[in-house]
Amino acid sequence: MICFGWIEVEKEKRNLFQLAVQRRRRLRAKMHSLIEGAPRAAELESSESVMDNLMGLLRVHVKRGVNLAVRDVRSSDPYVVVKMGNQRLKTRIVKKDVNPEWNDDLTLSITDPDIPVSLTVYDHDTFSKDDKMGDSEFEVRSFIEALKTYTNLEEIPSGTVISRLKPDTDNCLVDESAIYVNNEGKIIQDLFLRLRNVECGEVEIQLQWIHYPGSKTF
């Protein structure tokens, strides 16, 4: 009888210990979910703020690079990174070509037209850090002002030049940049950008606006 009672006591101890372990695990999981949930809530709030202030979307068509710098033995494997605020997008990599044609579309959310857009070219390396091949920058305010001014596009003939930006010391333009109406009745801007902090290189891009339903800007 004494032995049987001792066995029952030991079983009860084990059961209590297992319950305590399970309770501790549940508490730890709950605390972890609360900690994980905090940044998610902040991200949600930030996302809602972006949507409230969203003017529209800017499609950056990265066409090509011209006479880019050599970073490997005889050539480079270039790609482009476009950044605006916290947004970061990149093109595909073109292998062994210092005159690459990317023809990639990258789409930025525009909430503040005064934030500049930066463009950096990199040489992709497999076993080491990617090398920089120069950078550039452009502003979007002039493009957006043209959109605000010319809203009756159906009345404007295709090919009409709305505005021209000239290269100067305050921008990275190689040639004059035209803002015009294309054959599809959309406002387009062509830019030929000079790369800085490198021995040579230029990048050609094209801007196109994508209207966001409900935007108060237009």
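Here are some worked exercises on the predicted model shown above.

## Exercise 1: Get your bearings

**Task.** Find out how many helices and strands the protein has, and in what order they run.

**Solution.**
- Step 1. Count the elements: you should get two helices and ten strands.
- Step 2. Walk along the chain from the N terminus, and the order reads α-β-β-β-β-β-β-α-β-β-β-β.
- Step 3. Now look at how the chain is packed. Of the 218 residues, 34% count as buried.
- Step 4. Take the contacts with a separation of 6 or more: residues 24 or more positions apart account for 58% of them.
- Step 5. Finish with the surface. The protein exposes about 14000 Å², and carbon and sulfur atoms supply 51% of that area.

## Exercise 2: A salt bridge between two strands

**Task.** Arg 64 forms a salt bridge with Glu 204; work out which parts of the chain this pair ties together.

**Solution.**
- Step 1. Recall the basic idea: side chains of opposite charge can pair when their charged atoms come close.
- Step 2. Check the distance. The cut-off is 4 Å between a side-chain nitrogen of Lys or Arg and a carboxyl oxygen of Asp or Glu. The closest N and O atoms of Arg 64 and Glu 204 are 2.6 Å apart, and the pair forms a salt bridge.
- Step 3. Place both residues. Arg 64 sits in strand S1 (residues 56–66) and Glu 204 in strand S10 (residues 202–211), so the salt bridge ties together parts that are 140 residues apart in sequence.
- Step 4. Compare their surroundings. Arg 64 is partly exposed at 32% relative accessible area, while Glu 204, at 15%, counts as buried.
- Step 5. Look for further partners: Lys 63, Arg 64 and Glu 204 are linked in a network of salt bridges.

## Exercise 3: Two other salt bridges

**Task.** Locate the salt bridges Asp 114 to Arg 141 and Asp 135 to Arg 196, and decide for each residue how exposed it is.

**Solution.**
- Step 1. Start with Asp 114 and Arg 141, whose closest N and O atoms are 2.6 Å apart. Asp 114 is in the loop between strand S4 (101–110) and strand S5 (117–123), and Arg 141 is in helix H2 (residues 141–149), 27 residues apart.
- Step 2. Sort these two by accessibility. Asp 114 is exposed at 52%, and Arg 141 is partly exposed at 32%.
- Step 3. Move on to Asp 135 and Arg 196, where the closest N and O atoms are 2.9 Å apart. Here the link runs from strand S6 (residues 131–138), home of Asp 135, to the loop between strand S9 (187–194) and S10, where you'll find Arg 196, 61 residues apart.
- Step 4. Sort again. Asp 135 has a relative accessible area of 17%, so with buried meaning under 20%, Asp 135 is buried. Arg 196, at 31%, counts as partly exposed.
- Step 5. Put the pairs in context: the protein's salt bridges come to ten.

## Exercise 4: A buried serine

**Task.** Is Ser 76 buried or exposed, and which backbone atoms lie by its side chain?

**Solution.**
- Step 1. Find Ser 76 in the loop between S1 and strand S2 (78–84).
- Step 2. Read off its accessibility: at 0% relative accessible area, Ser 76 is buried.
- Step 3. List some neighbours. Leaving out residues up to four places away in sequence, Ser 76 touches several residues, among them Val 94, Val 98, Asp 123 and Met 133.
- Step 4. Zoom in on the side chain. A polar atom there lies 2.8 Å from the backbone oxygen of Ala 69. The backbone nitrogen of Arg 71 also lies 2.8 Å from a polar atom of the Ser 76 side chain.

## Exercise 5: Three asparagines

**Task.** Say where Asn 103, Asn 197 and Asn 171 lie, and pick out a feature of each.

**Solution.**
- Step 1. Asn 103 lies in strand S4. Its phi is positive, about 50 degrees, although Asn 103 is not a glycine. At 43% relative accessibility, Asn 103 counts as partly exposed.
- Step 2. Asn 197 is in the loop between S9 and S10. Its phi is positive too, near 55 degrees. Asn 197 is exposed, at 69%.
- Step 3. Asn 171 lies in the loop between strand S7 (161–165) and strand S8 (177–181). Its side chain reaches the backbone oxygen of Lys 166 at 3.1 Å, and one of its side-chain polar atoms lies 3.1 Å from the backbone nitrogen of Asp 168.

Key
Residues are numbered from 1 along each chain as its sequence is written. This is a predicted model: local features need pLDDT of at least 70, side-chain atom pairs count only at pLDDT 80 or more; totals for chains, interfaces and linings use all residues. Side-chain values use heavy atoms; hydrogens and water are left out. Helices (H or I, at least four residues) and strands (E, at least two) are DSSP runs, numbered from the N terminus. Buried means under 20% relative accessible area, exposed over 50%, partly exposed in between (1.4 Å probe, protein chains only). Contact means heavy atoms within 4.5 Å. Accessible areas come from the Shrake-Rupley method with a 1.4 Å probe; for residues, only the protein chains shown count as cover. A polar contact is a pair of N or O atoms within 3.5 Å; within protein, one must be able to donate a hydrogen and the other to accept it, and residues adjacent in sequence count only if both atoms are side-chain atoms.
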